[in-house]
Amino acid sequence: MAEQKVTRKDVLDAALAIVRERGEGALSARTVAERAGCSVQPIYSQFGDMRQLVCALYDHARAWVAAYNREHALDGCNAFESNGLAHLRLARTERPLFHFLYLSPHMDATGFAEVYDSVAIEGVQRCIEELGGLPPAEAHELYLDMIVYVHGMAAMLATGADFSDEELVARMDGAFHCFAARSAADFR
């Protein structure tokens, strides 16, 4: 019988499925190998050790979330609202993955500029400029404020809070208007 070739992507997909279902704590060379349908040898030959696999998995999971965000790009009344709703939905429906990505040391952010660069979605800042009548620098700051604010709600959802969609949208809308008013006042 010919040996089946297990690719790097196969291993990462298997590890991602485990994290999505059971969280990072369920990751081991053995569980990943079982899920990928191989021995542990491809894991070590392709990644060296589990630490390197987890580092590669973090990037792989981020790419999965980027695709998830694209799938939900039209869920809100504009790109900005859709972005927030997607983050909240991810926290609610993909709790173990959300923990892995955003409530663990893997994000490794050392400043808010780094957070912005890591999670901002193309086109959303421009949407904020238009919605708030703000110049780019002010829209950038408002977007960052909203990232932090919405992430706080998402963290609550990921740890078991049970807010309604209507409540979440109302909070996001209220925060946007407060931040926009502050930005407009600062701009004058």
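**Exercise 1. Arg89 and its partner**

Classify Arg89 as buried, partly exposed or exposed, and find which side chain Arg89 meets in a salt bridge.

Solution. Step 1: In this predicted model, Arg89 has a relative accessible area of 27%. Buried would need a value under 20% and exposed a value over 50%, so Arg89 is partly exposed.

Step 2: The side chain of Arg89 meets that of Asp75 in a salt bridge, with 3.0 Å from N to O. The cut-off for such a pair is 4 Å.

Step 3: Arg89 belongs to helix α5, while Asp75 sits in the loop between α4 and α5; the two are 14 residues apart, and the pair links distant parts of the chain.

Step 4: Asp75 has 36% relative accessibility and is also partly exposed.

**Exercise 2. The surroundings of Ser82**

State whether Ser82 is buried or exposed, and list which residues Ser82 touches beyond four places away in sequence.

Solution. Step 1: Ser82 is part of helix α5.

Step 2: The relative accessible area of Ser82 is 3%, under the 20% limit, so Ser82 is buried.

Step 3: Leaving out residues up to four places away in sequence, the contacts of Ser82 are His72, Ala73, Leu74, Asp75 and Gly76. Asp75 is also the salt-bridge partner of Arg89.

**Exercise 3. Two salt bridges involving α1**

Determine how Asp13 and Lys9 are placed in helix α1, and where Arg35 and Glu21 lie.

Solution. Step 1: The closest N and O atoms of Asp13 and Lys9 are 2.6 Å apart, and the two residues form a salt bridge.

Step 2: Helix α1 covers residues 8–22; Asp13 and Lys9 are four residues apart in this helix, which means a separation of about one helical turn. Asp13 is partly exposed at 31%.

Step 3: Arg35 and Glu21 form another salt bridge, their closest N and O atoms being 2.7 Å apart. This pair links distant parts of the chain, 14 residues apart, with Arg35 in helix α2 (residues 29–36) and Glu21 in helix α1.

Step 4: Both ends are partly exposed, Arg35 at 41% relative accessibility and Glu21 at 48%.

Step 5: The whole structure holds eight salt bridges. Elsewhere, Arg126, Glu129 and Glu130 are linked in a network of them.

**Exercise 4. Cysteines**

Count the disulfides, and explain why Cys55 and Cys178 are not bonded.

Solution. Step 1: A disulfide requires two cysteine sulfur atoms within 2.5 Å.

Step 2: For Cys55 the closest cysteine sulfur is that of Cys38, 20 Å away, which is too far for a bond. Cys55 is partly exposed, at 46% relative accessibility.

Step 3: For Cys178 the closest cysteine sulfur is in Cys77, at 17 Å, again too far for a bond. Cys178 is exposed, at 55%.

Step 4: The count of disulfides is zero.

**Exercise 5. The largest pocket**

Describe the volume of the largest pocket, and say which helix gives the most to its lining.

Solution. Step 1: The volume is about 800 Å³.

Step 2: The lining of the largest pocket has 40 residues, and those nearest its centre are Asn83, Gly84, His87, Ile121 and Tyr143.

Step 3: At least two lining residues come from each of α4 (50–71), α5 (79–93), α7 (112–119), α8 (124–132), α9 (136–158) and α10 (165–187). Helix α5 gives the most, nine residues.

Step 4: By residue type, the lining contains 25 nonpolar, ten polar and five charged residues.

Technical notes:
Residues are numbered from 1 along each chain as its sequence is written. This is a predicted model: local features need pLDDT of at least 70, side-chain atom pairs count only at pLDDT 80 or more; totals for chains, interfaces and linings use all residues. Side-chain values use heavy atoms; hydrogens and water are left out. On a 1 Å grid over the protein atoms alone, a cavity is a set of points where a 1.4 Å probe fits but cannot get out, and a pocket is an open set with protein on both sides within 12 Å along at least five of seven lines; lining residues have an atom within 4 Å of a point. Grid points are joined across faces, edges and corners, and a volume is the space filled by probe spheres set on the points. Ala, Val, Leu, Ile, Met, Phe, Trp, Tyr, Cys and Pro count as nonpolar, Asp, Glu, Lys and Arg as charged, and the others, Gly among them, as polar. Buried means under 20% relative accessible area, exposed over 50%, partly exposed in between (1.4 Å probe, protein chains only). Contact means heavy atoms within 4.5 Å.
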